[in-house]
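Okay, thanks everyone. I'll put the structure up, and then we'll go through the packing and the cysteines.

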Amino acid sequence: MNAFTYQRADSATQAAAAAIKPGVKIIAGGTNLLDLMKLQVETPSSLVDINRLPLDKIEETAEGGLRIGALVRNSDLAADPRVRQRYGVLSRALLAGASAQLRNKATTGGNLLQRTRCYYFYDVTKPCNKRNPGSGCAALGGFNRIHAILGTSDHCIATHPSDMAVAMRALDANVETVDREGEAKVIPIAEFHRLPGTTPQVETSLKPGEIITAVTLPPPPPGVQVYRKVRDRASYAFALVSVAAIVDSTRGRIRSARLAFGGLAHRPWRDAGTEQRLANAPANMATFHTAANALLEGARGFGSNDFKIPLTQRTLHSVLAETTRA
């Protein structure tokens, strides 16, 4: 690990001002950043610790939702009675995401900002446009079992690893930020993570010198909430495919559905066309099949990840059958 300086921020604006400088990284739980530093993927010249900031509360909003501070630990968020009762999909996603030790350290803001687990991104001897723009993407012709099949480009086929972000995408969360001038902003989570395009190294819509302060959840939508994660092993592996589903149905007919997917794209994936095909449709296998076809229209496998297409179909069928069961 390279030498670096360390400082503790006394305010969010101070942290944001420090973070605008080249080579500076914000650290909270550090569960992802420190691993990347050990592997020389990240080589910051300075770390700014934000753990002293008062951003670790979960509060009710006037609209009937929740405001979750950026420093709320994943374990505390998953265990909060309000989250368990009203946002079960989020609690389940968090519990599926990592071991208890990691959840005790990992933060809400850091979870949204964690970087891909692409093998080639982690191996500094291999070309990677995300790590070294313009060097190429070794995953395209390599072992890409865990890689994306939706929203890809010729520059990157990495996936976003967060389980929490998939649930928050289904819940239409908003990300609150502040910059070095103290100006606050709200970013819908649908606009927060970016697809790779020609600039896969730009992963979010955060500007230089802008940091996350909180995530807000609107009032919970009606329906049954489920988080299903398919992985190579049961003990805390990253998703081959995951589904955060909130489905409202009655008497064999679906009123509405929210479906967000992990393991398929560079960001949590949600497709309006798929949800529209489910709204006001009978809860049967023909409907589920139509929805799966809509979701996977344009899906592209790259060799060893071709299996994700039928796996996603089966997983979606299973989740819809469970959430619409009378």
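So, which residues have the most contacts inside the largest nonpolar core? Keep in mind that this is a predicted model. The ones to look for are I68, L77, L90, L112, M168, F192 and L217, and the core they sit in has 35 residues.

Where does that core come from? Seven elements each supply at least two of its residues: on the strand side β5 (66-69), β8 (210-217) and β10 (241-250), and on the helix side α3 (74-79), α5 (88-97), α9 (164-170) and α10 (189-192). The largest share is from α9, with six residues.

Let's zoom in on L112. If you ignore neighbours within four places in sequence, L112 touches H160, M164, A165, V175, I189, F192, H193, I212 and V215. And F192, you'll remember, is on that list of residues with the most contacts inside the core.

There's also another core, lying apart from the 35-residue one. This other core has 25 residues, including V243, L264, A291 and L316.

Now the cysteines. How many disulfides does the structure hold? Zero. Take C128: the nearest cysteine sulfur belongs to C118, and that's 5.9 Å away. For a disulfide we'd want the sulfurs within 2.5 Å, so C128 isn't in one. C128 is buried, by the way, at a relative accessible area of 8%.

C156 is in no disulfide either. For C156 the nearest cysteine sulfur is that of C137, 5.6 Å off. And C156 also counts as buried, with 5% relative accessibility.

That's my bit, thanks.

Definitions and conventions
Residues numbered from 1 in each chain as written. Predicted model: local features only at pLDDT ≥ 70, side-chain atom pairs only at ≥ 80, totals over all residues. Heavy atoms only, no water. Buried < 20%, exposed > 50% of the residue type's maximum accessible area, 1.4 Å probe, protein only. Core = buried A, V, L, I, M, F, W, Y, C linked by side-chain atoms within 4.5 Å. Helix = DSSP H or I, 4+ residues; strand = E, 2+ residues; numbered from the N terminus. Contact = heavy atoms within 4.5 Å.
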